[in-house]
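Biologist: I'd like to get to know the ligand site in this protein. Could you walk me through it?

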Amino acid sequence: MRLKLAIQKSGRLHDDSMKLLKESGIDIGNGVNKLKADATNFPLDLFFLRDDDIPQYVEDGVADIGFVGENVVYEKAKKVEVAYELGFGKCRLSFAVNKNESFTGSSFLAGKKIATSYPVLVQNYLNKNNIKAEIHEISGSVEIAPGIGLADVVCDLVSSGSTLFMNGLKEAETILHSQAVLIKKAGLDKEAAQILERLLFRIESVKKAKRNKYVLLNAPNANLDKIISLLPGMKSPTVVALATPGWSSVHSVIDESDFWEIIEQLKLAGAEGILVVPIEKMIL
Ligand code: ATP
Ligand code: ZN
């Protein structure tokens, strides 16, 4: 039994999807120019598809699981389950208007022509806000629609906003925050579910490792209690005596989110020679 995973053939999610598999210790045999490739050291087969088609293939069971943007999952509304947030491909689906226009809230959209590749999500938003507007579905380069007179407003994916800016538009309102997720087909059989669990365990270890850093520092023994209280560690920090009397070396793991704050407090508490080392895998 092998698990079948659908990923984007080429585009914004392809490289990060392949990288995550590689970091999870999964080697992919033959090249990615084909429709299909097999992992050589894990029971996983890869299918390379257009992102828009991935929810359908997973619903049909052609693939058991897929890596795809939440925006596509919700737009396609297929019978698939979101099983895990992968943490890459972050973007938002936003309305954008001409940069000179003042957007006054959702009522601004009433009676307007909206160009988008996400008609379902836009229509849901309009319904929720009780607004009637005209949706023009276009599959690419949505941002040029106002310039050529095709629409008054666009609703498109944004990450930095530079594409909007270059087209004389400004972001007005976000309707969805999105990232790449792992979807699975409903009612995955037991063997497939077990392989998925092994895969998720590896992905989680990679993600945890990225969020955390290994820290080594030297501390005067007089300040050890204070320094240890700043460093939670996985259980508690490791403390080893240095050759210099009265000094210890302290080792611990700290989370990226409060990294700089902790480093500053450690320095204030007398820590010296602070080394910060990346962690490759983290198994708890
Ligand atoms: P395909 O050929 O597979 O249909 P595509 O052109 O529809 O590709 P891409 O532009 O490669 O799609 O984007 C794939 C996904 O990357 C999007 O659905 C979205 O989830 C994510 N993404 C992240 N940032 C952005 C961004 N700035 N613009 C568009 N998509 C983004
Ligand atoms: Zn697409």
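Modeller: Happy to; the questions below go from the domains to the contacts around the ligand, and please keep in mind that this is a predicted model.

Biologist: Which domains does the assignment of the chain give?

Modeller: There are bounds for each domain, and one domain comes in two segments, 3–88 and 180–188. The assignment gives domain 1 (3–88 + 180–188), domain 2 (91–178) and domain 3 (212–278).

Biologist: And how far apart do the centres of domain 1 and domain 3 lie?

Modeller: Here the C-alpha centres of the two domains are compared. For domain 1 and domain 3, that separation is 40 Å.

Biologist: Between which domains does ligand 1 lie?

Modeller: Let's look at who gives residues to the shell around ligand 1. Both domain 1 (3–88 + 180–188) and domain 2 (91–178) do, so ligand 1 lies between domain 1 and domain 2.

Biologist: Which helix and which strand each supply at least two residues of that shell?

Modeller: The helix spans 70–76 and the strand spans 153–158. They are α3 and β9.

Biologist: How many residues in the shell are nonpolar, polar and charged?

Modeller: There are 18 residues around ligand 1, with R12, R50, D52, N71 and S159 coming nearest. By class, the shell splits into 6 nonpolar, 7 polar and 5 charged.

Biologist: Which residue offers a polar backbone atom to an oxygen atom of ligand 1?

Modeller: Side chains also take part: a polar side-chain atom of D52 is 2.7 Å from a ligand oxygen, and an N or O atom in the side chain of N71 is 2.7 Å from one. The backbone contact, at 2.8 Å, comes from R12.

Biologist: How much of the accessible area of ligand 1 does the protein cover?

Modeller: On its own, ligand 1 has 630 Å² of accessible area. It sits in the largest pocket, and the share covered by the protein is 77%.

How values were computed: Residues numbered from 1 in each chain as written. Chains lettered and ligands numbered in written order. Predicted model: local features only at pLDDT ≥ 70, side-chain atom pairs only at ≥ 80, totals over all residues. Heavy atoms only, no water. Near = heavy atom within 4 Å. Polar contact = N/O pair within 3.5 Å; in protein donor to acceptor, adjacent residues only side chain to side chain. Areas by Shrake-Rupley, 256 points an atom, 1.4 Å probe, with all protein chains shown as cover. 1 Å grid on protein atoms, 1.4 Å probe; cavity = no way out; pocket = protein on both sides within 12 Å on 5 of 7 lines; lining within 4 Å. Sits in = over half its atoms within 2 Å of the grid points. Helix = DSSP H or I, 4+ residues; strand = E, 2+ residues; numbered from the N terminus. Nonpolar A, V, L, I, M, F, W, Y, C, P; charged D, E, K, R; others polar. Domains from an automatic or database assignment.
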